[in-house]
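Please read the following report beside the model. It takes up single residues, helices, loops and a pocket in turn.

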Amino acid sequence: MLNTVFTMTIALYFLSTLICFADAAFKKDTLHKASLILLFVSTALHGVYIVWRGIVARRLPLANQFEFATVLSWTVAIMGIFFYLRKGKHMRWILYLGTPTAFLIQSYAALQPREITELMPALKSAWFGLHIGSAVFSYAAFAIAALFGGRYLILKKKNDDEKQLRQIDTLSYKLICFGFLMLSVVIFSGCIWAEQAWSTFWNWDPKETWALITWIVYAIYLHQRLRMKWQGQRMAWFAMSAFIFVMFTFVGVNTLMSGLHSYA
């Protein structure tokens with residue numbers, strides 16, 4: 001039954017994505033309402049799936065790549081809805097970007113093993129929820145910031161409204177600030193957890209190393225923004241380019257490298 005609910009979430013995200021694309025092309029209110037309703041339904045069902053899996057597993061559903069990806073997909077969808085509701089219908093493009101992204105991440109999750117397994121001894125810690133939960137919020141914030149960067153570049157090419165460009169630029173910056181804070185929590189809580197589990201704060205494990213590299217990349221973004229006063233187009237490109245490091249940390253390390261975090 002759990003697998004059926006999971007498959008339904010993918011199908012609903014896909015249908016919502018198709019209607020979003022149709023809405024973007026034809027700008028019909030009926031299409032927009034339909035895509036919004038479908039997104040609400042798929043996100044709600046997705047939330048039910050996550051809670052249900054957690055109940056069955058008797059733990060937070062964040063113990064492996066499948067669970068992390070599906071929770072990340074849900075978080076991206078929730079963030080997209082949040083910004084849409086806050087900024088209003090004139091920013092419906094948020095749904096055009098957020099919905100397909102949630103669908104793609106959920107599709108990636110579908111490629112991972114879905115078995116519910118016992119936690120490894122190293123994962124049975126009070127730091128489990130804080131460390132991995134912060135990573136979910138961090139990656140989701142960076143993903144939405146990258147999408148905002150792409151939107152900025154599209155509008156800039158059209159010489160669109162400067163007020164809207166500044167708004168998008170500011171939102172992307174705030175998201176990266178939040179994501180950077182969450183990634184800092186990931187690294188520092190991971191250090192404490194590693195010392196408890198393996199008697200060392202840092203192992204230069206591939207996941208640790210690439211998380212640190214990603215942290216440095218976004219630290220450079222914040223430095224350029226705050227000290228060098230970079231903004232606008234350069235920061236939009238930076239937000240999009242920096243997300244490549246997030247994707248490699250999330251997908252590439254698990255696919256291409258082995259280490260202490262291979263279970264994740």
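Phe 82 is found in helix α3 (residues 65–87), where helices (H or I, at least four residues) and strands (E, at least two) are DSSP runs numbered from the N terminus. With a relative accessible area of 42%, Phe 82 is partly exposed; on this scale buried means under 20% relative accessible area, exposed over 50% and partly exposed in between, with a 1.4 Å probe and protein chains only. Between Phe 82 and Ile 116 there are 30 Å in space, C-alpha to C-alpha, for a separation of 34 residues in sequence.

The model is predicted, so that local features need pLDDT of at least 70 and side-chain atom pairs count only at pLDDT 80 or more, whereas totals for chains, interfaces and linings use all residues. Residues are numbered from 1 along each chain as its sequence is written, and side-chain values use heavy atoms, with hydrogens and water left out. The average pLDDT, the predictor's confidence in each residue from 0 to 100, is 89 for the protein, and 95% of the residues score at least 70. Among the elements, helix α7 (residues 206–226) has the highest mean pLDDT, 94, and helix α6 (residues 162–198) the lowest, 90.

Two helices can be checked against their expected span, which is 1.5 Å times one less than the number of residues. The 29 residues of α2 should span 42 Å, and the end C-alpha atoms of α2 are 42 Å apart, which agrees. For helix α8 (residues 233–256), with 24 residues, 34 Å is expected and the end C-alpha atoms lie 33 Å apart, which also agrees. Helix α8 nevertheless has a kink of about 40°, centred on Phe 248, the bend at a residue being the angle between axes fitted to the seven residues ending there and the seven starting there. The buried residues of α8 include Phe 238, Phe 243, Val 246, Phe 250 and Val 253.

Several residues outside glycine have a positive phi, and the table sets two of them side by side.

| Residue | Phi | Loop | Relative accessible area |
|---|---|---|---|
| Lys 27 | near 55° | between α1 and α2 (29–57) | 52%, exposed |
| Lys 229 | near 65° | between α7 and α8 | 61%, exposed |

Arg 58, which follows α2, likewise has a positive phi, near 60°. Another loop residue, Arg 114, lies between α4 and α5 and counts as partly exposed at 25% relative accessibility. Arg 114 and Asn 3 are 111 residues apart in sequence, yet their C-alpha atoms are 8.4 Å apart in space.

The largest pocket holds about 300 Å³ of space. Of its 15 lining residues, Trp 93, Tyr 96, Leu 97, Arg 151 and Ile 154 are the closest to its centre. A pocket here is an open set of points on a 1 Å grid over the protein atoms alone, where a 1.4 Å probe fits, with protein on both sides within 12 Å along at least five of seven lines, and lining residues have an atom within 4 Å of a point. At least two lining residues come from each of α1 (2–26), α4 (93–110) and α5 (127–157), and α5 supplies the largest share, 6 residues. By class, the lining divides into 9 nonpolar, 2 polar and 4 charged residues, where Ala, Val, Leu, Ile, Met, Phe, Trp, Tyr, Cys and Pro count as nonpolar, Asp, Glu, Lys and Arg as charged, and the others, Gly among them, as polar.

Conventions
Points joined across faces, edges and corners; volume = space filled by probe spheres on them.
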